[in-house]
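Q: I would like a close look at a single part of this protein, with its surroundings described in a connected way. Please take the structure below as the basis.

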Amino acid sequence: CFCGDGGEAPLGSVVVFSFTCLVEASQMADYVDLNLPVKGRDPLVARLEMLHRLGYGAAAINQTLTGKIPSQVPNTTGVPVRCPKLPEGFRQYSRVTVVLEDVKEAYVLNGSSPHLKSFDVIAAQPTNEKLFAQCCGTLELDIISLDLSSRLPFYIKAPPVGLAIERGIFFEITYTPAIVDSSMRRSLISNALNLVRITKGRNIILSSAAETAMGLRNPYDIANLTRLFGFSLETAKASLQANCRAVLMHAHMRKNTLKGVLEVSIAAAAEPAGESMEDDGE
């Protein structure tokens, strides 16, 4: 765990965080973790139960794909995961993260590909600058996830990042590496500071990527950690709440509309009819 100055506390010690609460306790259920790996050292049920105890109201179960993508990608997330201890209102989503190592693999994210239709949220992890630019500019996805816990193989540049923000795509920072390893923590802090500087704190989500229940943290502890990333209180709150909801809305629009136009048009056309019916009733 972390001390208030960002250092590590001695094993077995009790740490008190002197940190202003982001929201009232009654709003805790709004927190979302969009990266709970389907494969982990602890069962999904244990991690979902822990998330609920820590105050989260929703989670995305993440399936990672590497190498050549088969013509049919089975959804192995098991969503919704049966968990008797979870309340009825706890929401579960399926997510797939495609690790892109070659331009030829990007075709599965062109919007018309049927490979990933069964997943609620689509993320990509580009491994070079060309693929990063492609993710930001043209590919149909919701999240760009970078391995910030190690040295990046390319520089994150402002123009493609700005384009991704305009398209409603979000950048993911996973906090678990900062807990398990000191060298990974240093890389994560350095890369996260750079990402926050380039994005100006916009369109960032915080996720766990936790393989164990003990690797999960409550939102207040995470917000305390993000001070090392250069987060403001507002940015920390948004990265765990509003931005995650925006990702889910973006995913819904991508999946159920044609370039985000069809559903909006239908809703706009239906509204006057509803008003006229009320008028008739009066």
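Which element gives the most to the lining of the largest pocket, and with how many residues?

A: The strand β2 gives the most to that lining, with four residues. The model is a predicted one, and its mean pLDDT is 83, with 80% of the residues at 70 or more.

The largest pocket holds about 640 Å³ of space. Its lining comprises 32 residues, and those closest to the centre are Asn 35, Pro 37, Ala 209, Ala 210 and Glu 211. Besides β2, which spans residues 56–65, the elements that each supply at least two lining residues are β1 (31–37), β3, β6, α4 (177–180) and α5.

Two of these contributors, β2 and β3, can be followed further through one residue. Val 96 belongs to strand β3, which runs over residues 91–100. With a relative accessible area of 0%, Val 96 falls under the 20% limit and is therefore buried. Leaving aside residues up to four places away in sequence, Val 96 touches Asn 62, Gln 63 and Leu 65, together with Leu 116, Phe 119, Val 121, Ile 122 and Ala 123. The last of these, Ala 123, is 27 residues from Val 96 along the chain, yet their C-alpha atoms are separated by 6.1 Å.

Two other contributors to the lining, β6 and α5, also take part in covering helix α3. In this helix, residues 158–166, the buried positions are Pro 160, Val 161, Ala 164 and Ile 165. These four cover an arc of only 145° around the axis, so they lie on the same side of α3. Pro 159 and Glu 166 are exposed on the other side of the helix. The cover over the buried residues includes α2 (129–137), β5 (143–145), β6 (170–174) and α5 (182–199). After α3 comes Gly 168, with a positive phi near 80°.

The cysteines can be described briefly. Cys 83 is buried at a relative accessible area of 11%, and Cys 244 is buried at 0%. The structure holds zero disulfides.

Finally, two segments call for caution in reading the model. Over residues 1–29, pLDDT stays under 50, and the model has 50 contacts beyond four places in sequence for this segment. Over residues 262–282, pLDDT likewise stays under 50, with five such contacts.

Technical notes
Residues numbered from 1 in each chain as written. Predicted model: local features only at pLDDT ≥ 70, side-chain atom pairs only at ≥ 80, totals over all residues. Heavy atoms only, no water. Disulfide = S-S within 2.5 Å. Buried < 20%, exposed > 50% of the residue type's maximum accessible area, 1.4 Å probe, protein only. pLDDT = per-residue confidence, 0-100. Contact = heavy atoms within 4.5 Å. Arc of directions from axis to C-beta. 1 Å grid on protein atoms, 1.4 Å probe; cavity = no way out; pocket = protein on both sides within 12 Å on 5 of 7 lines; lining within 4 Å. Points joined across faces, edges and corners; volume = space filled by probe spheres on them.
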